[in-house]
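Hi there,

Here is the structure I promised to pass on. Have a look at it first, and then read on for what turned up.

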Amino acid sequence: MSIVIKSAEEIAGMRVAGRLAAEVLDFVAPFVKPGVTTGELDRLCHDYMVSVQQTVPAPLNYAPPGYRPFPKAICTSVNHQVCHGIPDERKTLKTGDVLNIDVTVIKDGFHGDTSRMYFVGEPSIAARRLSEVTYECMWRGIAQVRQGSTIGDIGHAIQVHAEENGYSVVREFCGHGIGRKFHEEPQILHYGKPNTLEKLAAGMIFTVEPMINAGRREIKELADGWTIVTKDHSLSAQWEHTVLVTESGYEVLTRSAGMPPPPASITGGEEAREHEHA
Ligand code: MF3
Ligand code: CO
Ligand code: CO
C-alpha cells in the first residue's frame, strides 16, 4: 500500500489548488444557458484558468496508459453522458439539458479536482431529483471520512442512498488519491461494504465523485475514446469534491464562494467544518 500522507506544506498547496478549481466552476455558471456550446464553455474555462488564475488545466493532453490525449481543458458530460465528455463547438445546449462540468487545475504542482451539475433552463423533475440525490450521495460518502474509518464505509454510504432511491452506481470509475499526481492511490469505490478496504489516516487526500444512473449501471465508451455514456441511455449525474482526512473528520478542499452548501441532512461533518480554513 502506498497511499501518500501529505505534509503540512503539501496540504497548504492542495488547499490553494482546490479553491482555484472550485472557482472555475463558480466562474462558468452564468454562461451555462440555452444556445451556448460545450466548446465555448471549455474555451471560457481554459482562458480563465490560464490567463486569470495562472493555473494549468490538467485534462488538456492528459493521456493515461491506453488513452489518447484528452483534447480539451475541462470535461462536459451532458444528459446520458456519465463522465469524460469532450467539449465540442458543435454541441449546443438546449433548455432542459443537464450537464456535469468537471474541472481539474494544477497550481504550483498541486491538483484540485471538482465537478458540479448544471441545469440549462428548467430541468425535468426526474433530472432534478437525480442531481439532488447524487449530491446527497457525494456528501454521505464525505461524511464517512475521518481517521480510522474505511474506504468501504464511504462506498457503502453512497451505494445505499443511491439504491434506496431506485438508482444505480457506476462501478468502472471511482474517486482517487490526488496531490502532485492527478490520479494516485487509493481508489475510492462508490459502492461497497462497511469496515472493508483500507483504513483512512489523517493527511490522506482523495476525491469522492459518485456517478449515479437513473437506470441500469452499465456503461459504454464512445468511439472518441473518452466519452462514457449509459448503455440504456438513462440520465446520469455526478458531483465531485477533493477531501482531506483529518483526525476528527474531513476538510473539503474544493471550496469556493459559489459552492452549493452541504444538504441539511449532513450533520456529521459540522464539527470538522468548523475547523476548516476559510
Ligand atoms: N476530472 C476527472 C476525474 O475526476 C478526470 C478527467 S480525465 C480527462 O478524475 F482526461 F478526461 F480529463
Ligand atoms: Co477526480
Ligand atoms: Co474530476
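How far does a polar side-chain atom of D102 lie from a nitrogen atom of ligand 1? The distance is 3.1 Å. Please keep in mind that this is a predicted model, so every value here is computed from it.

**Ligand 1**

There are 14 residues around ligand 1, and those that come nearest are P59, H176, H183, E209 and E240. H183 also places a polar side-chain atom 2.8 Å from an oxygen atom of the ligand. On the nitrogen side, T104 has a side-chain N or O atom 3.4 Å from a nitrogen atom of ligand 1.

**The metal site**

D102 turns up again at the cobalt ion (ligand 3), where D102 supplies two OD donors, D113 an OD and E240 an OE, at 2.1 to 2.4 Å. Along the chain, these donors follow the spacing D-x10-D-x126-E. The arrangement is irregular, because the six donor atoms around this ion subtend angles of 58 to 166°. For six donors to count as octahedral, opposite ones would have to be over 155 degrees apart and all others between 65 and 115, so the 58° end of the range falls outside those limits.

D113 coordinates a second metal as well: the cobalt ion (ligand 2), which is 3.3 Å from the cobalt ion (ligand 3). Since D102 lies in strand 4 and D113 in strand 5, the pair ties together parts that are eleven residues apart in sequence. Both aspartates are buried: D102 has a relative accessibility of 11%, and D113 has 2%.

**Helix 1**

Helix 1 covers residues 8-28. With 21 residues at 1.5 Å each, helix 1 should span 30 Å, and the end C-alpha atoms are 31 Å apart, which agrees. Its buried residues include I11, M14, L20, L25 and V28. The buried residues of helix 1 pack against helix 2 (38-53) and strands 4 (98-107), 5 (110-119), 9 (205-208) and 14 (241-245). Strands 4 and 5 are thus shared with the metal site, as they hold D102 and D113.

**The loop at N79**

One last spot to look at is N79, in the loop between strand 2 (75-78) and strand 3 (81-83). Is N79 buried or exposed? The relative accessible area is 19%, so N79 counts as buried, given that the cut-off is under 20%. Beyond its neighbours within four places in sequence, N79 is in contact with K94, G96, D97, V98, L235 and S236.

Happy browsing, and best wishes!

Note on methods:
Residues are numbered from 1 along each chain as its sequence is written. Chains are lettered from A and ligands numbered from 1 in the order in which they are written. This is a predicted model: local features need pLDDT of at least 70, side-chain atom pairs count only at pLDDT 80 or more; totals for chains, interfaces and linings use all residues. Side-chain values use heavy atoms; hydrogens and water are left out. Helices (H or I, at least four residues) and strands (E, at least two) are DSSP runs, numbered from the N terminus. The expected span of a helix is 1.5 Å times one less than its number of residues. Buried means under 20% relative accessible area, exposed over 50%, partly exposed in between (1.4 Å probe, protein chains only). Contact means heavy atoms within 4.5 Å. Donors are N, O and S atoms within 2.8 Å of the metal (3.2 Å for Na, K and Ca); water is not among the atoms, so sites may look incomplete. Four donors count as tetrahedral if all angles lie between 85 and 135 degrees; four count as square planar and six as octahedral if opposite donors are over 155 degrees apart and all others between 65 and 115; anything else is irregular. A residue is near a molecule or strand if one of its heavy atoms lies within 4 Å of it. A polar contact is a pair of N or O atoms within 3.5 Å; within protein, one must be able to donate a hydrogen and the other to accept it, and residues adjacent in sequence count only if both atoms are side-chain atoms.
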